[in-house]
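Please look over the sequence and the model shown here, and keep both in view while reading the briefing.

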Amino acid sequence: MGPGHRAGSLWLVISHPTTSSAARVTSALAEAVVDLDAIAANVKAIAAITRTDLMAVVKADGFGHGAAPVARAALAAGATWLGVTSAAEALALRDAGLTAPILSWLHRPDEDFGSLLDAGVDVGLSTVPHLRAVAAAAARRGGGPAMVQLKVDTGLSRNGAKGTDWVDLVALARAYEMAGSVKVRGIWSHLADAEQHGSPLVRRQVSAFRTATRVARSAGLDPVLLHLANSAAALTTAATRFDICRIGIALYGVEPTDEENHDLRPAMTLRSSVVNLKRVPAGTGVSYGPDHVTAEPTNLALVPVGFADGLPRSAENRAQVWVGGARCPIVGRIAMDQCVVDVGDRPVRLGDPVTIFGPGPDEPTVAEWARWAGTNPNDVLTGIGPRVARRYQGVTA
């Protein structure tokens, strides 16, 4: 049975195959269990709030969850677009058999855009050189205009055109439209502070976006897709919802703001097991340094997951895992391949399961891991490495 085939109510797909899928599953020291039903439920919950179309952002291998399985689940639940960073990500989705509209938004100006155009992928553009390159690729290819979406910088000061650069970009895009090599399907931007409810910067960016859209229309463009909202804005700020909302972290069940709860379902559970267990006396140094010394006699459990697998070292001596029916602290430095957990006198045995993070509330969540590490959940999820096997469960329509 190959990747993507159904086995009863369980999808068995390994994101990083080497020899056989069965060997990967049985030999993995850790696995990330991805709940596709949670992905689908999150799409429906978000759509009920936004009342717009949704673009499922599946860049970075679906935030570490697996781009193609997540994309299928999101589309089956009602998402209408897929969003990725690069041409390689977009073409990988096409190779996986996904035919839904895709927007790819980060490219070198000298990139060969022909493969994207052949695959029917919309190209996100921010500069005149990029636009010229896409128009030239469309002219060489023939068969109709390249579909593009122009990005305006409304205040993030990252990608996107602003000021006279925006005026020049939309004017040239209109010229290419009239020549038949380009069609501007959309105009979009990205918010800088949407996670802060009521942020004045968001209000300014909405205003700037509307102004930029008017400039584009006055140049003769007629985009049918306007989009500004990311996960946080889509769920909290109606003024940012235009024709479509781009959902990233919320798609994977992580609340994008601390102020509100939208009953999202975390989609990934990271699991491992105890591979060594030892009783140590008080005064025992643990791991490198040692940065931790036991204050009393205790039991130490070794878990074969480390920073090469995605556990952030900055979370050490703060992070917890679920083992033996309780939360237990990681003690000492997190190493490349392993970490040590103080399980005290709990009845933990060799081979017992360990949940590093999951949906909660008993086991730690990825949001808690992000707080312990001083980062965001996106960073933790996308850091889960290729040695961790992905296992998919749930039924999608």
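The briefing below covers aromatic pairs first and nonpolar cores after that.

This is a predicted model, in which local features need pLDDT of at least 70 and side-chain atom pairs count only at pLDDT 80 or more, while totals for chains, interfaces and linings use all residues. Residues are numbered from 1 along each chain as its sequence is written, and side-chain values use heavy atoms, with hydrogens and water left out.

**Aromatic pairs**

- The structure holds 4 aromatic pairs, meaning rings of Phe, Tyr and Trp (its six-membered ring) whose centres lie within 6.5 Å, with planes under 30 degrees apart counted as stacked, over 60 as edge-to-face and the rest as tilted.
- One of them is the tilted pair of Trp105 and Trp188, at 5.4 Å centre to centre with 50° between the planes.
- Trp105 is buried at a relative accessible area of 13%, and Trp188 is buried at 2%, where buried means under 20% relative accessible area, exposed over 50% and partly exposed in between (1.4 Å probe, protein chains only).
- Trp369 and Trp372 form an edge-to-face pair, 5.7 Å centre to centre with 70° between the planes, and both residues are buried.

**Nonpolar cores**

- The largest nonpolar core, a set of buried Ala, Val, Leu, Ile, Met, Phe, Trp, Tyr and Cys residues joined through side-chain atoms within 4.5 Å, has 119 residues, and those with the most contacts inside it are Leu150, Trp166, Phe357 and Trp369.
- A second, separate core of 5 residues includes Val280, Val286, Val331 and Val340.
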